[in-house]
Each structure stands twice: as C-alpha cells, then as structure tokens.
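Trainee: Could you take me through one part of this model in detail? I'd like to look closely at the charged side chains and who they pair with.

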Amino acid sequence: MRDASEHRDRWQDDVAAYALDALPPREAEIFEAHLEGCEACREQLRWLTVAVDQIPQDVEQLPAPPQLRDRLLSVVDSEAEVPRETTAPEPAPETRVRRLPSFLGGFSMRPALAGLAAALVLVAGVVGYQLHDSGGDPGDGTRTVSAQAAKGVDSSGALEVEGDHGSLRVSGMPPTHGGDVYQAWIQDRDGGVHPSSVFVVADDGSGVVSIPSGLDGAAAVMVTREPRGGSETPSEPPLMTARLD
Amino acid sequence: MDGSVETDPARLERLADEELMAVVDAKVAAAFEVLYDRHGAAAYSLAYRIVGDRNGAEDVAQEAFLSIWRSNARYDRARGSVRSWVLSVVRNRAIDALRRGSGSAPKLDHDDEMLLEAREAEERTDAEALRRETSRELQGALGTLPDDQSQVIRLAYFGGFSHSEIADMLGMPLGTVKGRMRLGLEKIRVQLAEAIGPEAALEGT
C-alpha cells in the first residue's frame, strides 16, 4: 500500500502534465524513462490522453480558406505517386456545406428534419443476433448483429463483425443537415466511447460504413449525427446502437 | 488491401479515416484530398485558436498537412483517432510557431480581451496569454471545469506553457498547477465516459 501511495504521490500529477505537453524537457525525459517500466502510468496516460484530445474539439469552428486547400492540393498533385485525374471543382467560398464530388451525385446532404436530434432517446438492445460462417473462409466466422434505432427514428442497421473489424449497413437514416455527417462510435466494456468512421448516406437513407478496428472486446457500436468531419465525442444521443455483448 | 492501392475517388470517400491514411501514405493525391476535406476546417480552426491570426493559422495548417503528406508525421493507431492525431500535429506546429515568435498580429474579433491584446501585442507576453486564457468564454468540456482548472489546462494546451511557467505566471506553487491539471483532465475524462447519457452506460461495468 505504501509503495502504491508513494508512487501515486510521485507520478500522478506528472502524468497529467505530460499528457498536456506541459512538462519541461528534462522532466519529460525523466517521466518517459519511468513510463517505460510502469504500466499503471501508461494506462493512466492513455486514459487522460482521451481527455486532452477533447480540448481542440471545443474550439470555435471556422471554414478553412479555399486558397489553403488549393495550395495544398497543388503541392500534393506535384508530389503524388497517383495524382488526381480530374480537376475538382472549386469549393464555394465561405460555405459550411461539405462539398461532395460529382461522383457522389445522389448523396446530397440536404437540410431536413430539423429538430429531430434533440428529441432522440436511446433504446439499447440487440434485436437480433446470429452467427454464420463466411462462405470463403469457413474457419473464420463472422456474426451479424442488428442495430436498434432510437425512439422516433425509423431506421435499421446490421453490423457484420469479423474479428476486430466489421461493417455497418444502415437504411432509412434521416437526411443530414447541411454539412453534417453520420459517425460510428465504439463503446468499450468500461463505458468509454471511441470515435470510429464518418460516413454519409444516399438520398434513400441507406449506406455502409467500415469499422476498421476496435470491435474485439467492444460492447456496442453506435451511430450519431455529427458536424462535418466528425467529432471526438458524440454530440447527441445515438440514433442507432448495435450491442455486441 | 492486398497490395493494391485504392485510387477511385468514390471509394476513397467512403473509407474510414484509418484506412484512408494507408492510401495517403501510398501518395495517392485523391486520398489526401479526402483527408483534407474531412479535417481541414478543424485543423485550421485549432491553428487559428492558438496563433491568433488568419495568415499564421493558414501557414500552420499548411505545414501540418504537408508534414502528414510527406510522412514526416506518421499516424499511429495507438495514439487515437486520425482526427486527434491530425489535431495534435497542428497543435505542435502552432505552438512551435508561437515560440518562434512568428510575428503575426493577433486577430481582431468581438472579444474585448482579444482587442486589448491586439493593441498591446508588439510581442507575445505571458501576461497577454494569461489574460486571454482567463477571460475566454468557454464551451464544451473545458467550460464545465472550475475556472482554476480550465485556466491551467488552456495555458498549457493553447499557450504551450510548461507547468513551471504557468506556476510563475499565476504566482502559485508548482504542485498546485500540476494538481489542477490532473483534476481537470480527470473530470473531462469522466464526463466523456458519461457523454452519451445514462441510457447508454453499460450495465454490469
């Protein structure tokens, strides 16, 4: 007990300062040396880093200047192994609506259904759960979990899980507001919620989103509507939840 | 991806960020375009928040994205989401720019404190930073913290100050500053776990 107490007294505040990049260089070196041999501090650092990552999410969001995009893409095209084949249309200046390439034609994001988000209440629970083997790889089973929509949302979803990754197929999703996107979230068994993929849906509310990692040991996958680019923490109660436990 | 690299723009648009990064690393310009369109505004906004003027923010965001493109900054899944990683690259570049004293003029906006800062800002001083981080209206996670905790966290994150510099600025013991940082971050972290409401909290955990 005494050792644990001494350890806590000595290092616990340094973890937070380190996570904030607020340790002077020499102290940071000492802490990093300690970190190498201390799982407790590594775990605490991982835990607090999630909080640090939240800080920039609170910054007032501004549209990036169009010329920044133009300059970057000009440099990137000149250095790319695979340059862009077609010149993208100029983004409308000062717009907050996400510019969608023409190839996504049908996937417009028209403002609609205002006021829906705030009224949503999560209803957790798995509607259906089944196991089946994937045809091409009989030894490596996938399972499909049905997602439950929140009250007032007439959507459905099916999460196909294979090991640590999977894909979520949704239908009947409400249209997003201008510039908004849908985002998948992974909830771990400790209750922590981690951001996953951002996606858009077609006019008919259908879409598929890949969940590239994080499903091994996850408790649930959820979907929320988020501002353009996605968020670090959910901005609203989930529209849809697929429970894995 | 079995060795083949996705280059079709429509499919790139649908890739998760983590998958997209692998294609960016393969120097596919269309993948970078998607990455920028997803995170460019957030990156620019954070740079602007830190350096305080549009030109400086643009330079910082450009440096950050080019370092990502040129693989000088490598994405590590263990570090968190791509968004968090991009913003950490931006934050580091922005703090570097501040420390270099890039000479950019502070932004002018409706914030009285910022105007005050603009008038006095021939060079960046600790006092200005202190005033800015003390007065700024807060929303989101930081806004839920007691002022003394959010202040030290903002000075560190947005100002790039070390804990000892902050202790000097505030005239308080180093241990107090570090303690407030820890308490503040812990509170944010707990709130994140609760962010989606009690209905979604898992039973049995």
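Mentor: Sure, and keep in mind as we go that this is a predicted model. Let's start with B:Arg83, which sits in helix H5 of chain B, the run covering residues 82–100. B:Arg83 has a relative accessibility of just 6%, so it counts as buried, the cut-off being under 20%. Follow its side chain and you'll find it reaching the backbone oxygen of B:Arg38, at 3.0 Å.

That brings us to B:Arg38 itself. Its partner in a salt bridge is B:Asp17, with 2.7 Å between the closest N and O atoms. This pair ties together distant parts of the chain: B:Arg38 belongs to helix H3 of chain B and B:Asp17 to helix H2 (residues 17–25) of chain B, 21 residues apart. Both B:Arg38 and B:Asp17 are buried.

Now go back to helix H5 of chain B for another arginine. B:Arg93 makes a salt bridge with B:Glu63, where the closest N and O atoms are 3.3 Å apart. Again distant parts of the chain are linked, with B:Arg93 in helix H5 of chain B and B:Glu63 in helix H4 (residues 54–69) of chain B, 30 residues apart. B:Arg93 has 28% relative accessibility, so it counts as partly exposed. B:Glu63 is partly exposed too, at 30%.

Next, look across to the other chain. A:Arg69 and B:Glu33 meet through their side chains in a salt bridge, 2.9 Å from N to O. This one crosses between chains: A:Arg69 comes from helix H4 (residues 66–79) of chain A, and B:Glu33 from helix H3 (residues 29–51) of chain B. Both A:Arg69 and B:Glu33 are buried. They also belong to a wider network of salt bridges that links A:Arg69, A:Asp77, A:Arg84, B:Glu33 and B:Asp37. For the whole structure, over all chains, the search turns up 19 salt bridges.

A word on confidence before you zoom in anywhere else on chain A. Its pLDDT averages 74, and 75% of the residues score at least 70. Among its elements, helix H2 (residues 25–36) of chain A has the highest mean pLDDT, 95, while strand S1 (residues 129–133) of chain A has the lowest, 32. Over residues 87–139 of chain A, pLDDT stays under 50, although the model has 115 contacts beyond four places in sequence for that stretch. Where pLDDT is low, the predicted coordinates shouldn't be read in detail.

Conventions. Residues numbered from 1 in each chain as written. Chains lettered and ligands numbered in written order. Predicted model: local features only at pLDDT ≥ 70, side-chain atom pairs only at ≥ 80, totals over all residues. Heavy atoms only, no water. Helix = DSSP H or I, 4+ residues; strand = E, 2+ residues; numbered from the N terminus. Buried < 20%, exposed > 50% of the residue type's maximum accessible area, 1.4 Å probe, protein only. Polar contact = N/O pair within 3.5 Å; in protein donor to acceptor, adjacent residues only side chain to side chain. Salt bridge = Lys/Arg side-chain N within 4 Å of Asp/Glu carboxyl O. pLDDT = per-residue confidence, 0-100. Contact = heavy atoms within 4.5 Å.
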